[in-house]
Amino acid sequence: MENLSRQGAAHEDAWGRVLEVLKTQVAPGNFETWLRPTRLQRHDGAVLEVRVPNEMFAEWLDSRYSSAIRAALPRVGLDGHRVRFVYETFSATTESAPPVEPTRTTVTVSNPAVPGRRPPLNPRYTFNHFVVSSCNHFAHAAALRVSDDVGTAYNPLFIHGGVGLGKTHLMQAIGNKLASSRPDIVITYKTTEAFMNELISAIRFEKTPQFRDLYRSVDVLMLDDVQFLAQKNATQEELFHTFNALYDSGKQIILTSDRPPRTIPALEERLRTRFEWGLIADIQPPDLETKVAILNKMASSKGWMLPSEVALLIATHVNSNIRELEGVLTTVTAAASMRGQHHPDLAIAREILRTVTRQEEARPTIEAITRVVARHFELKVAELKSKTNKRRIAFPRQIAMYLTRQLSTESYQGIGDFFSGKHHTTVLHAERKIAELRDSDSAVSRLLGELEEQLR
Ligand code: ADP
Ligand code: MG
C-alpha cells in the first residue's frame with residue numbers, strides 16, 4: 001500500500017484523505033469538476049457527511065464513484081465507514097420562507113436508497129417562481145383560475161406535458177397558494193404511485209374504509225402523474241369512486257400526466273371521460289427564449305450572476321427538460337464559485353455540459369425504434385428501410401419516423417438517410433400526418449402510447 005500519510009498533512013480530515021486516493025484514479029478534469037467541490041461537513045462515528053453543491057452532484061457521485069469511494073475508505077484507515085452526501089435544497093430568496101435545512105439525501109454509498117419523508121408541498125413551487133411563456137401560459141392561467149375558484153372554475157383540471165416541463169410545479173403552486181389563502185380547506189397532494197401504494201396497504205390490512213373516508217373528505221385532491229394508472233385496475237376502480245364522491249360534492253380535483261387522458265394506455269373509459277369533464281391544459285417544451293428566461297429567473301432568485309452568453313450556451317445544449325436546465329445551471333455556478341470565479345464563464349459551462357450530456361439517460365436510437373415498430377407490424381426491419389411505398393409498409397414506416405422524432409434527437413435529414421435516402425420533407429410530412437392521426441384516431445393514439453411505453 002502506498003504511503004498516503006505524507007499527503008495527509010494537507011488534509012487532516014477523513015474525506016480529504018479519501019480525495020487524495022481518488023485523485024490518483026479519476027481523470028483530472030472530472031476530479032476538478034465533481035470531487036474538488038466536496039467538503040467534509042461532519043464526521044460522526046462511522047459516517048462521513050460530505051457536503052456537495054446540489055442534488056445533481058450527489059446523484060452523479062453516487063452513480064459514478066461509489067465503488068471507488070468504497071474501495072478507498074479502508075486504504076485511509078476508514079474501514080466500515082459510510083459516506084453520505086448532503087446538499088442544500090434550492091430555496092427561494094425572494095420569499096420569506098424559513099431557512100431550509102440541508103437535505104440529507106438518501107444517496108449513501110453503502111446503504112440502498114430509502115425514500116425519506118418529504119414535506120407534502122415544495123415551498124419553491126409557487127406561481128411567483130414559474131416563468132410564463134407561450135409554451136405554458138394556458139396551463140398557467142387555468143391553474144391560477146382554479147386557485148381562485150376552487151371546485152367551480154374547472155373541475156377536474158388536467159395538466160399534461162413532457163417530463164420536467166413544470167406539471168408538478170404548477171399543480172403544487174395551486175396547493176401552495178390555497179394553503180395560505182384558504183387555511184380552512186383540506187388539500188391533499190399525492191403521486192399516483194403513493195395513492196396506489198396506500199390503497200394496496202389499506203386492502204392488505206383491511207383498512208379500506210379508512211382509506212376511503214380519508215380521500216373522500218378532502219376539499220382538493222391533487223394526483224400527480226396519473227399515467228401510472230395504466231393497467232392498475234384496482235386503483236382505477238377506487239379512484240373512480242373517489243372521483244365521483246368528490247366531484248358530486250363540488251370538491252376540486254387536479255390531475256397531471258405525461259400525456260392526454262385519451263392516450264393513457266388501458267385507462268378505463270369511465271375514468272377517461274371523467275378526466276375530460278373539466279379542462280385539459282397542455283404544457284409544451286420551452287423554446288430557446290423561454291429557456292433563457294427561466295435560467296435568468298433562477299439565477300436572479302438565487303442572487304447569482306449569469307452572463308448572457310453562458311445562459312444562451314446552456315439553453316442551447318439542454319434539450320427541453322427544465323429540471324435538467326436547473327441542474328446544469330446550479331452545477332455550473334457551483335463549479336465557478338469553487339474555483340474562486342465571480343461568475344461562470346463559457347469555459348466552465350462547456351466543461352460541465354460535456355460531462356453532463358454524456359450522462360444523459362439513454363434515448364432510444366432510430367434502430368431500436370424501427371425494430372420495435374417492425375416487430376409490432378410483423379415486418380422485417382429491412383422492409384421498413386426499403387424504398388417501397390406499399391401502404392402495408394409505408395404506414396408503419398411513418399410511425400417509425402414519427403416516433404424517432406418524438407423520442408430521439410435524430411434530425412429530419414438523419415431519419416431520411418436512415419430510411420434509404422428519403423427526402424427530409426417526407427419525414428416532416430410523416431411526422432405531421434401521424435401527429436394528426438394521433439389526435440383524431442383513438443386506435444392510432446393507443447398504438448403510439450403502447451409503442452412509446454416499450455421504448456421508454
Ligand atoms: P414535471 O412534473 O412536468 O416533470 P416539474 O414540475 O417537476 O416537471 O419541473 C421540473 C423543474 O423545473 C422544477 O424544479 C420546476 O420548478 C422547474 N420548472 C418547470 N417549469 C418551470 C417554469 N415555467 N418556470 C420556472 N421553473 C420551472
Ligand atoms: Mg412531475
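# Exercises on a predicted model

An oxygen atom of ligand 1 sits 2.7 Å from an N or O atom in the side chain of T168. The model is predicted. The exercises start at this ligand and then move through the protein.

## Exercise 1. The surroundings of ligand 1

**Task.** Describe the shell around ligand 1: how many residues surround the ligand, and which are the closest?

**Solution.**

Step 1. Count the shell. Ligand 1 is surrounded by 17 residues. V131, G164, T168, H169 and R323 are the closest.

Step 2. Sort them by type. The shell holds 6 nonpolar, 7 polar and 4 charged residues.

Step 3. Find the helices that contribute. At least two shell residues come from helix 6 (167-181), and at least two from helix 13 (322-338).

Step 4. List polar atoms facing the ligand's oxygen atoms. A polar side-chain atom of R323 is 2.7 Å from an oxygen atom of ligand 1. From L165 the partner is a backbone N or O atom, 3.2 Å from an oxygen atom of the ligand.

Step 5. Check the cover. On its own, ligand 1 has 560 Å² of accessible area, and the protein covers 95% of that.

## Exercise 2. The two sides of helix 8

**Task.** Take helix 8 (residues 208-216) and work out which residues are buried and which are exposed on the other side.

**Solution.**

Step 1. Pick out the buried residues. They are T208, F211 and Y215.

Step 2. Ask why they share a side. Their directions span an arc of only 60° around the axis, so they lie on the same side of helix 8.

Step 3. Recall the general geometry. An α-helix has 3.6 residues a turn, so residues three or four places apart point the same way.

Step 4. Turn to the other side. There D213 and L214 are exposed.

Step 5. Identify the cover. Strand 6 (187-191), helix 7 (192-204), strand 7 (220-224) and helix 9 (233-248) are among the elements over the buried residues.

## Exercise 3. T290 and E431

**Task.** Place T290 in its helix and E431 in its helix, then decide for T290 and for E431: buried or exposed?

**Solution.**

Step 1. Locate T290. This residue belongs to helix 11 (residues 288-302).

Step 2. Apply the cut-off. Buried means under 20% relative accessible area. T290 has 6%, so T290 is buried.

Step 3. Find the partners of T290. Setting aside residues up to four places away in sequence, T290 touches S133 and C135. The side chains of T290 and S133 make a polar contact of 3.4 Å.

Step 4. Repeat for E431. Helix 19 (residues 424-440) contains E431. Its relative accessibility is 15%, so E431 counts as buried.

Step 5. Name its neighbours. With residues within four places in sequence left aside, E431 contacts Y402, R405, Q406 and Y412.

## Exercise 4. Backbone features in loops

**Task.** Examine P156, Q231 and S420: in which loop does each lie, and what are the omega of the N155 to P156 bond, the phi of Q231 and the phi of S420?

**Solution.**

Step 1. Start with P156. The loop runs between helix 5 (137-148) and strand 5 (157-161). The peptide bond from N155 to P156 is cis, and omega is near -5°.

Step 2. Go on to Q231, in the loop between strand 7 and helix 9. Q231 is not a glycine, yet phi is positive, near 65°. Its relative accessible area is 57%, so Q231 is exposed.

Step 3. Finish with S420, between helix 18 (412-418) and helix 19. Phi is again positive, about 40°, and S420 is not a glycine. At 24% relative accessible area, S420 is partly exposed.

## Exercise 5. Contacts across the sequence

**Task.** Find how far apart T365 and E410 are in sequence and in space, then describe the protein as a whole.

**Solution.**

Step 1. Place T365. The residue lies in the loop between helix 14 (346-359) and helix 15 (366-377). With 41% relative accessibility, T365 counts as partly exposed.

Step 2. Compare the separations. T365 and E410 are 45 residues apart in sequence, and their C-alpha atoms are 8.3 Å apart.

Step 3. Widen the view. Among contacts between residues at least 6 apart in sequence, 71% join residues at least 24 apart.

Step 4. Add the totals. The protein has 20 helices and 9 strands. Of its 456 residues, 48% count as buried. The accessible surface is about 22,300 Å², and carbon and sulfur atoms account for 51% of that.

Key
Residues are numbered from 1 along each chain as its sequence is written. Chains are lettered from A and ligands numbered from 1 in the order in which they are written. This is a predicted model: local features need pLDDT of at least 70, side-chain atom pairs count only at pLDDT 80 or more; totals for chains, interfaces and linings use all residues. Side-chain values use heavy atoms; hydrogens and water are left out. Buried means under 20% relative accessible area, exposed over 50%, partly exposed in between (1.4 Å probe, protein chains only). Helices (H or I, at least four residues) and strands (E, at least two) are DSSP runs, numbered from the N terminus. The arc is that of the directions from the helix axis to the C-beta atoms. Contact means heavy atoms within 4.5 Å. A residue is near a molecule or strand if one of its heavy atoms lies within 4 Å of it. A polar contact is a pair of N or O atoms within 3.5 Å; within protein, one must be able to donate a hydrogen and the other to accept it, and residues adjacent in sequence count only if both atoms are side-chain atoms. Accessible areas come from the Shrake-Rupley method with a 1.4 Å probe; for residues, only the protein chains shown count as cover. Ala, Val, Leu, Ile, Met, Phe, Trp, Tyr, Cys and Pro count as nonpolar, Asp, Glu, Lys and Arg as charged, and the others, Gly among them, as polar.
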